[in-house]
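Here's a quick look at one helix pair and the enclosed space in this model. Have the sequence and structure open as you read.

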Amino acid sequence: MEFSLLEYFIGFLTSFIGGFIDAIVGGGGLVTLPVILGLGVPPSLAIATSKLQASMAAVSAVFSLRKEIKFKELRLGILITAIFSILGSYVLLLISNEAIMPLILVILILVFIYTIFKPNLGNINKKAILSTTLFLIIFGVILGFYDGFIGPGTGSFWILAFTSLLGFNLKQASINTKLLNTTSNVCSLCFFLCFYDVLIKLGLIMGVGGIIGAYLGGKCLLKININIIRWVFIIIVFCTICKLIYSNFF
């Protein structure tokens, strides 16, 4: 597929914004994937292409936060996330495009409702409900598979899991999320490059925007107020829900 210069610019700008947001609260794919779909790209191909720009942005965020991320503590999660993200990408190719977007919409509505009714989510550190090992096994399977299968909001879901079940505040959760989210993006991308198709030119252009946005967002994450992070998260999820409802039902 080919696009106009304006469409490529829109992709670049959108990816910059998505990369910045993803580095702070996750969910950058909630911004970028609808734009790729809006360019007329079929859902499966749009998801595959989004992995290229998402991987570039995610690697940039990890690099900017490399001194803050606890790599050794996340090794188990990295392994499980890698395996199940590839499995999720494989399953995606077995399902019709028509079934994908309604599923995303349902998941986002549930996350939005949960966040609204948890006003103290991530404001302070709390006691962990699960052990770190069990947590990484469970959510490495669930979110690794989800990111390979659909993807948008994976970073936000990781943050919700870290804050709700390990008692992290939003800033700590967002920092730890970066490596796991990068793992699933890169592994899923490798699968699509080997066994499916990716719009390389569009993905690379958006990837450059994502890298710049993610690097700047990663730096802001270390300084930004936690309440601001929470409201940015809520606004992004709400706007995405409205966009998907309008696109699919009107």
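Helices here are DSSP runs of H or I with at least four residues, numbered from the N terminus. The model is predicted, with local features needing pLDDT of at least 70 and side-chain atom pairs pLDDT 80 or more, while totals for chains, interfaces and linings use all residues. Residues count from 1 along each chain as its sequence is written, and side-chain values use heavy atoms, leaving out hydrogens and water.

On to the cavities (on a 1 Å grid, points where a 1.4 Å probe fits but cannot get out). The structure has 3 of 30 Å³ or more, and the largest holds about 230 Å³. Its lining takes in 23 residues, with Asp22, Gly28, Gly29, Ala54 and Asn185 closest to the centre. H1, H2, H3, H7 and H8 each supply at least two lining residues, and H3 gives the most, with 5.

Now for H4 and H8. Their axes (lines fitted to C-alpha atoms over the stretch in contact) come within 8 Å and cross at roughly 40 degrees. That makes the pair oblique (35 to 65 or 115 to 145 degrees). The crossing is right-handed, meaning that the near helix is turned clockwise from the far one by less than a right angle. In contact (heavy atoms within 4.5 Å), H4 residues including Gly77, Ser85 and Leu92 meet H8 residues including Leu179, Cys187 and Phe192.

Here is the make-up of both residue sets, with Gly counted as polar.

| Set | Nonpolar | Polar | Charged |
|---|---|---|---|
| H4–H8 contact | 10 residues | 7 residues | no residues |
| Largest cavity lining | 5 residues | 15 residues | 3 residues |

Methods. Axes fitted to C-alpha atoms, helices over the stretch in contact; angles between N-to-C directions. 1 Å grid on protein atoms, 1.4 Å probe; cavity = no way out; pocket = protein on both sides within 12 Å on 5 of 7 lines; lining within 4 Å. Points joined across faces, edges and corners; volume = space filled by probe spheres on them.
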